[in-house]
Amino acid sequence: MSESPDGRNKAARTSRRGFLVAVFGSLAGVVAFWSGQSLRPLDPLNLIAPRKMGDGPNDLPINRTSEQAKITADMVGPDWRLIVKRGTRMRSFSYAELLAMPQHVVELPIACVNGWSQTATWKGVRLSSLMDAVGRERGQAIMATSLEPKGNYRITTMGPEFVDNDLTLVALHLNGEVLDIEHGYPARLIAPARPGVLQTKWLSRLEVTT
């Protein structure tokens with residue numbers, strides 16, 4: 001005996017429902033697996049994502065190594081200086097001088113354009129304090145230059161909304177340890193709500209632009 005139209009319709013609806021459940025279930029699994037590199041509760045599910053929570057130097061992953069950036073040991077050695085400039089006014093800070101300044105601790109994430117984000121503990125000098133040393137006025141933007149010989153983000157501009165923010169640091173320590181060279185030793189920028197590629201590593205120069 002042939003199946004009734006109602007029976008065929010019910011079977012079709014059941015089949016479609018099963019298909020949708022399978023699709024959304026698979027998507028949820030993929031999202032969970034990849035989210036494990038950003039959300040600690042999902043870390044046990046992180047089976048296919050390229051990074052795990054706590055992996056890497058200073059317990060934080062990296063995207064671009066010092067070797068890829070052409071950073072050598074002599075470039076970040078005892079002769080390293082951070083130049084801070086506004087017009088004709090200029091200051092030069094050694095690593096020891098930066099360490100002697102008031103240090104502040106902030107909890108901020110690194111948000112990578114590749115889709116992962118991990119929060120870390122940063123310690124260093126407030127960027128605004130360094131810029132005050134050369135007479136920067138509130139509302140002025142700055143330009144940050146890395147020691148990298150070349151690269152799309154060797155020079156970046158930072159607007160006053162970041163420079164004036166007390167959470168923005170020239171970081172010297174990460175997760176309770178001296179900043180690793182892979183994370184920008186001797187000093188790097190860290191600011192809230194700013195893409196990771198713009199959190200300049202291996203700082204060499206900070207200059208007021210407006």
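## Close-up views of a predicted protein model

**Figure 1. Threonine 200 sits in a loop between two strands.** Welcome to the first close-up of this predicted model: threonine 200 belongs to the loop that runs between E9 and strand E10 (203-208). Is threonine 200 buried or exposed? With a relative accessible area of 3%, threonine 200 is buried, because anything under 20% counts as such. Its side chain meets that of threonine 156 in a polar contact of 3.0 Å. Beyond its neighbours within four places in sequence, threonine 200 is in contact with Ala144, Thr145, Ser146, Thr156, Arg188 and Leu189. Thr156 therefore appears both as the polar partner and in the list of contacts, which are heavy atoms within 4.5 Å.

**Figure 2. Threonine 157 in strand E6 is exposed.** Strand E6 covers residues 155-158, and threonine 157 is part of it. The relative accessible area of threonine 157 is 53%, so it lands just on the exposed side of the cut-off, which is over 50%. Which residues does threonine 157 touch, once those up to four places away in sequence are set aside? They are Ile142, Met143 and Arg194. For a sense of distance, look for threonine 145: it is 12 residues from threonine 157 along the chain, and their C-alpha atoms are separated by 8.9 Å.

**Figure 3. Arginine 194 lies over an aromatic face.** Here the ring belongs to phenylalanine 162, and arginine 194 is placed over its face at 5.2 Å from the ring centre. Arg194 may be familiar from the previous view, as one of the residues that threonine 157 touches. As for pairs of aromatic rings, the structure holds one.

**Figure 4. Proline 109 lies in strand E3 and is partly exposed.** Strand E3 spans residues 104-111. How accessible is proline 109? The value is 30% relative accessibility, which counts as partly exposed. Leaving out residues up to four places away in sequence, proline 109 touches Ser117, Gln118, Thr119, Ile190 and Gln199. Alanine 193 is a useful landmark too: 84 residues separate it from proline 109 in sequence, while the C-alpha to C-alpha distance is 8.2 Å.

**Figure 5. Asparagine 58 is a buried loop residue with a positive phi.** The loop in question connects helix H1 (5-35) and strand E1 (82-86), and asparagine 58 is found in it. Asparagine 58 is not a glycine, yet its phi is about 55°. That is worth a second look, because most residues other than glycine have a negative phi. Relative accessibility is 6% for asparagine 58, so this residue counts as buried. The side chains of asparagine 58 and glutamate 177 are joined by a polar contact of 3.3 Å. What else is in contact with asparagine 58, apart from its neighbours within four places in sequence? Besides Glu177, the contacts are Leu174, Asn175, Val178, Leu179, Asp180 and His183.

**Figure 6. Lysine 70 also has a positive phi, but it is exposed.** Lysine 70 is found in the loop between H1 and E1, the loop that also holds asparagine 58. Its phi is near 65°, again a positive value in a residue other than glycine. Is lysine 70 buried or exposed? At 54% relative accessibility, it counts as exposed, whereas asparagine 58 counts as buried at 6%.

**Figure 7. A cis peptide bond leads into proline 186.** The bond runs from tyrosine 185 to proline 186, and its omega is near 10°. This makes a nice spot to check by eye, because most peptide bonds are trans. Where does proline 186 lie? Its place is the loop between strand E8 (177-178) and strand E9 (188-190).

**Figure 8. The whole chain, with two segments of low confidence.** Stepping back, the protein has four helices and 10 strands, in the order α-β-β-α-β-β-α-β-β-α-β-β-β-β from the N terminus. Of its 210 residues, 40% count as buried. Among contacts with a separation of 6 or more, 60% are between residues 24 or more positions apart. About 11,400 Å² is exposed, with carbon and sulfur atoms supplying 57% of that area. The average pLDDT is 84, and 74% of the residues score at least 70. Please read two segments with care: pLDDT stays under 50 over residues 23-36, where the model has 15 contacts beyond four places in sequence, and also over residues 42-46, where it has 13 such contacts.

Terms used: Residues numbered from 1 in each chain as written. Predicted model: local features only at pLDDT ≥ 70, side-chain atom pairs only at ≥ 80, totals over all residues. Heavy atoms only, no water. Buried < 20%, exposed > 50% of the residue type's maximum accessible area, 1.4 Å probe, protein only. Areas by Shrake-Rupley, 256 points an atom, 1.4 Å probe, with all protein chains shown as cover. Phe/Tyr/Trp six-rings, centres within 6.5 Å; stacked < 30°, edge-to-face > 60°. Lys NZ or Arg CZ within 6 Å of the ring centre and 35° of its normal. Polar contact = N/O pair within 3.5 Å; in protein donor to acceptor, adjacent residues only side chain to side chain. pLDDT = per-residue confidence, 0-100.
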